[in-house]
Amino acid sequence: MTTSSSRLFYLLAFLFVSTISQSQNFVIQAEPEIAINIDRPNRWSFNFGITNRDLLYFDKTSQFRVNFVELSHFTSYEVGFYGKLSLGLRYRFNELFEDRRKDEIRITQQYSRSRKYNALKVAHRFRFEQRIRELTIYRGRYQFSVEYPLNGERIDRNEYFLVMSAEALWSFTKEEKPELGQRFDISLGKDIGGGNKADLGLQYRLEEYNLNSFHGLFLIGGLTISI
Amino acid sequence: MKHWLLIIILMLPIFASSQDKKIEKEEDIDREEMPERAQEFLLLNIPEDIYKLRHYFETDGEKESYEAKFKFNRHRFSVEFDEDGILEDIEVQVKKKDLKNEILKKIEHYLDTKHDRFKIEKIQAQYLSNKEDPELTMKRAKKFDSNFPDHFELIVATKNKGKLKKYEMLFDAKGNFKNEREIIRNSYDYLIF
């Protein structure tokens with residue numbers, strides 16, 4: 001890379017954030033994550049993650065407030081040539097930061113499939129989640145994502161890559177009307193050696209667009225360590 | 001606003017770090033960075049109606065090579081040169097249906113006897129240039145639909161007792177197995193886990 005591509009990415013991201021943040025009812029939050037991935041030589045793999053969400057900008061005011069800290073675990077089993085079945089468990093610590101919000105346990109069932117077509121890697125991810133909190137929310141999600149090396153046809157050590165994704169969400173409970181949401185991500189990643197990767201990107205969320213829609217921007221990024 | 005700008009700045013060192021010397025490398029280059037001999041060959045021999053032409057430099061730490069990739073007649077061509085710009089081989093990506101039925105059957109029969117399950121992900125017809133005029137190699141490759149290649153190079157995903165492995169396999173023009181090399185999988189699939 002292409003330092004020039006990297007600079008262009010940061011410049012575009014900055015311009016996008018500056019422009020969009022001028023609108024009403026707009027929130028900017030950050031969600032950094034550290035994940036450890038253990039890939040066994042058999043068909044099993046395990047993922048452990050820690051993340052938190054911080055409010056950075058709300059009501060046209062810059063601020064900093066931690067919303068939650070979350071621990072997650074996924075156990076995955078390879079199926080077929082390109083697929084994986086996973087079971088995930090998350091615990092979201094809300095009460096530590098806000099008294100009126102209860103902690104949340106989330107159980108996830110997932111099928112995902114990824115395949116490389118020359119330089120382009122394409123992935124599909126289907127999730128069904130049970131968000132257990134004051135009111136249990138059920139959520140179905142589908143994500144389509146692509147990964148593209150920014151130099152050559154494969155991602156070598158110290159090289160950058162681009163990840164883009166779109167995800168549709170459908171949440172429902174017994175008591176309330178279903179909610180629809182849509183998310184778009186763009187991230188710049190770097191292979192920092194040993195299968196470890198760092199990434200930084202933006203996620204745009206359109207929430208409850210069938211009811212009282214609101215939108216937000218997430219600054220996403222983190223470190224993924226492979227063992 | 002200052003806070004998220006601060007976070008961006010704090011995360012930038014991650015991207016600037018890891019200055020270790022790389023052993024394997026494959027990178028985009030301009031045509032002018034190819035050895036002169038290779039540039040001349042490409043200028044004189046590649047067809048006019050090609051598209052998506054790109055040039056690459058590749059090294060495994062010891063051997064260096066250059067490659068030009070383009071699409072011609074809806075097929076991907078890879079023209080590989082050594083570090084002095086001498087043509088090594090031309091590979092043309094083909095589909096199963098482009099192979100003669102008896103050759104495909106022979107290859108699939110071999111894979112069937114060696115593996116519980118398999119999936120052919122990619123087939124390239126390989127035209128070597130070691131015994132002939134490089135111009136003739138290009139002529140043969142351009143007429144890949146009517147010419148026998150020297151080899152077929154396959155990327156094959158295999159499953160044995162549920163375990164997934166990928167191989168680069170070489171078969172001769174008649175579909176006889178020659179050799180194979182395991183492709184080490186990237187341990188972490190970034191898009192899914």
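In the predicted model, Glu26(B) stands opposite Glu58(B) of strand β2(B). The two residues belong to an antiparallel pairing of β1(B) with β2(B), residues 51-59, which runs over 5 bridges. This pairing is part of an open sheet in chain B. The sheet has 9 strands in the order β1-β2-β3-β4-β5-β6-β7-β8-β9, and the pairing is antiparallel. Its edge strands are β1(B), residues 25-29, and β9(B), each of which pairs on one side only. Neighbouring strands are turned against each other by 25° on average, direction ignored. Helix α4(B), residues 134-142, packs on this sheet. The helix touches β4(B) (75-82), β5(B) (87-94) and β6(B) (117-128). The direction of α4(B) makes about 5° with that of β5(B).

The later strands of the sheet are joined by hairpins. Strands β7(B), residues 151-160, and β8(B), residues 163-172, pair in the antiparallel sense over 10 bridges. Within this pair, Ala157(B) faces Lys166(B) of β8(B). The hairpin has 2 residues between its strands. Lys161(B) takes a positive phi there, near 50°. Strand β8(B) also pairs with β9(B), residues 177-183. That pairing is antiparallel too and covers 6 bridges. Here Met169(B) stands opposite Glu180(B) of β9(B). In this second hairpin, 4 residues lie between the strands. Gly175(B), in the turn, has a positive phi of about 95°.

A second helix of chain B, α2(B), spans residues 36-45. Its residues Ala38(B), Phe41(B) and Leu42(B) are buried. Seen down the helix axis, the buried residues of α2(B) fall within an arc of 95°, so they line one face. An α-helix has 3.6 residues a turn, so residues three or four places apart point the same way. The face of α2(B) turned away from the buried side carries exposed residues: Glu36(B), Glu40(B), Leu43(B) and Leu44(B). The cover over the buried residues of α2(B) includes β3(B) (64-72), β4(B), β5(B) and α4(B).

Nonpolar side chains tend to be buried together in soluble globular proteins. In this model, the largest nonpolar core has 28 residues. Those with the most contacts inside this core are Ala38(B), Ile90(B), Val92(B), Ala141(B), Leu154(B) and Val156(B). Ala38(B) is also one of the buried residues of α2(B). Leaving aside neighbours within four places in sequence, Val92(B) is in contact with six residues named here: His75(B), Phe77(B), Gln124(B), Ala125(B), Ala141(B) and Phe144(B). Another core, of 7 residues, lies apart from the largest one. Among its members are Ile28(A), Leu202(A), Leu217(A) and Leu219(A).

Chain A contains 1 helix and 11 strands. Along the sequence, the helix comes before the strands, in the pattern α-β-β-β-β-β-β-β-β-β-β-β. The C-alpha trace of chain A spans about 50 × 40 × 30 Å along its principal axes. Its radius of gyration is 18 Å, which agrees with the value near 17 Å for a compact globule of 227 residues. Of these 227 residues, 23% count as buried. Among contacts in chain A between residues at least 6 apart in sequence, 45% join residues at least 24 apart.

Technical notes. Residues are numbered from 1 along each chain as its sequence is written. Chains are lettered from A and ligands numbered from 1 in the order in which they are written. This is a predicted model: local features need pLDDT of at least 70, side-chain atom pairs count only at pLDDT 80 or more; totals for chains, interfaces and linings use all residues. Two strands pair if DSSP finds at least two bridges between them. Axes are lines fitted to C-alpha atoms, for helices over the stretch in contact, and angles run from 0 to 180 degrees between N-to-C directions. Two residues are in contact if their C-beta atoms, placed from the backbone, lie within 7 Å. A nonpolar core is a set of buried Ala, Val, Leu, Ile, Met, Phe, Trp, Tyr and Cys residues joined through C-beta atoms within 7 Å. A residue is buried if 20 or more other C-beta atoms lie within 10 Å of its own, exposed if 12 or fewer, and partly exposed in between; C-beta atoms are placed from the backbone. The radius of gyration is taken over C-alpha atoms; the globule rule is 2.2 Å times the number of residues to the power 0.38. The arc is that of the directions from the helix axis to the C-beta atoms.
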